[in-house]
Amino acid sequence: MSILEASRKSVAFKHPFAALSFYLGNKNALHEAIILDAAKYIFGSNIDLRPWKNALSEITSHTLIPPNKNTFDVVVGNNLNTTFGKWIWCCVRVLQPDAMIETGVAHGSSSWIILNAMHKNGKGKLYSIDLPNHDTNNDYNFTLTQPETGWMVPDLLKSQWELHLGYAQELLPMLLNKLKKIDIFFHDSDHSYEHMKFEFETSSPFIRKGGLMLSDDVHKNKAFAEYVANTKFKALQFNKGGCAIAQ
Ligand SMILES: C[S@@+](CC[C@H](N)C(=O)[O-])C[C@H]1O[C@@H](n2cnc3c(N)ncnc32)[C@H](O)[C@@H]1O
């Protein structure tokens, strides 16, 4: 199965006014066009787009529970200003998952997005896996201030969260065997080819039909492309983020 490119360039011709407003500084219309096209590709052209549009409008509605603040600005991690961050938000709002696993928490930016969406859903649990403050990537600043993994997530959102600290190689199979089925898997931990391949192959049998495999940084190596080519997962790629649906 091939991977559809869901990017600015590929969508701009179809939505010239949204593209124009993007280049004038307003990203929202083009992001919306990209996400609605992506939703139709992944879930079928007959889907009702209203829940997707509602989810997108929530992002700018100022009704989200704010993240914890620290002395430094977090400029890394997934956020709601990118198509992939918005896609994650919309998928959690529209699919209403009971169980979702993410690997790679760092400061907790993606966890905060997912947990806010689950909070609005009024259901669901996020199971996150990360090493305890061990990121080797200096951009993540842990060496400077040593905050706790996932410190951005406020207490109000923690009742729907289980944070597991340790190697995904050990914890992911254990968690999957305990949960038996999940609705969404999101990879954002070690982006080496071997590790991404391991996480995709390990989690895939546990994703329910119609559930999603999400991955950040799929452009870094061939693991996601190869995985999709060898399975019945239908997939698309935003700039860096990938999404595949279990059929
Ligand atoms: C890119 S960051 C995660 C960013 C986060 N998802 C976000 O959007 O804000 C990658 C994280 O993966 C964790 N990590 C790297 N290798 C890992 C492994 N083998 N098992 C578990 N976590 C790992 C690192 O500690 C780091 O915090």
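I take a residue as buried if 20 or more other C-beta atoms lie within 10 Å of its own, as exposed if 12 or fewer do, and as partly exposed in between, with C-beta atoms placed from the backbone. The model is a predicted one: local features need pLDDT of at least 70, side-chain atom pairs count only at pLDDT 80 or more, and totals for chains, interfaces and linings use all residues. Residues are numbered from 1 along each chain as its sequence is written.

**Entry 1: L172**

I began with L172, which is found in helix 8 (residues 168–179). Helices here are DSSP runs of H or I with at least four residues, strands are runs of E with at least two, and both are numbered from the N terminus. Is L172 buried or exposed? I find L172 buried, because 24 other C-beta atoms lie within 10 Å. I then listed its contacts, a contact being two C-beta atoms, placed from the backbone, within 7 Å. Not counting residues up to four places away in sequence, L172 touches T103, I129, E199, T202 and S203. I also looked up its separation from G150: the two are 22 residues apart in sequence and 18 Å apart in space, C-alpha to C-alpha.

**Entry 2: the largest nonpolar core**

A nonpolar core is a set of buried Ala, Val, Leu, Ile, Met, Phe, Trp, Tyr and Cys residues joined through C-beta atoms within 7 Å. Which residues touch the most other members of the largest core? I noted W87, I88, C90 and I114, out of 64 residues in that core. Helix 5 (residues 83–95) gives the most to this core, with eight residues. For I114 I recorded contacts with I88, V92, M100, E102 and L126, leaving aside neighbours within four places in sequence. As general background, nonpolar side chains tend to be buried together in soluble globular proteins.

**Entry 3: helix 5 with helix 6**

For helix packing I use axes that are lines fitted to C-alpha atoms, for helices over the stretch in contact, and angles from 0 to 180 degrees between N-to-C directions. Angles under 35 degrees count as roughly parallel, over 145 as roughly antiparallel, 65 to 115 as roughly perpendicular, and the rest as oblique. The axes of helix 5 and helix 6 (residues 109–121) cross at roughly 30° and come within 9 Å. I therefore enter helix 5 and helix 6 as roughly parallel to each other. On the side of helix 5 the contact is made by G85, I88, W89, V92 and R93, and on the side of helix 6 by S110, I113, I114, A117, M118, K120 and N121. By class, this contact has seven nonpolar, three polar and two charged residues. For the classes, Ala, Val, Leu, Ile, Met, Phe, Trp, Tyr, Cys and Pro count as nonpolar, Asp, Glu, Lys and Arg as charged, and the others, Gly among them, as polar.

**Entry 4: helix 4 with helix 5**

Helix 4 (residues 50–59) packs on helix 5 at an angle of about 125°, with the axes 9 Å apart. The two are therefore oblique to each other. I find P51, W52, A55, L56 and I59 in helix 4 meeting K86, W89, C90, R93 and V94 in helix 5. This contact of helix 4 with helix 5 has eight nonpolar, no polar and two charged residues.

**Entry 5: loops beside helix 5**

I next looked up H62, found in the loop between helix 4 and helix 5. H62 has a positive phi of about 60° although it is not a glycine. H62 is exposed, because 7 other C-beta atoms lie within 10 Å. P66 lies in the loop between helix 4 and helix 5. P66 counts as exposed, with 11 C-beta neighbours inside 10 Å. Where is Q96 placed? I locate Q96 in the loop between helix 5 and strand 2 (99–103). Its phi is near 50°, a positive value in a residue other than glycine. Q96 counts as partly exposed, with 16 C-beta neighbours inside 10 Å.

**Entry 6: helix 2 with helix 3**

Helix 2 (residues 16–23) and helix 3 (residues 28–43) pack at about 135°, with their axes 7 Å apart. Helix 2 and helix 3 are therefore oblique to each other. A18, A19, S21 and F22 in helix 2 meet A29, L30 and A33 in helix 3. By class, I count six nonpolar, one polar and no charged residues in this contact. F22 counts as buried, with 20 C-beta neighbours inside 10 Å.
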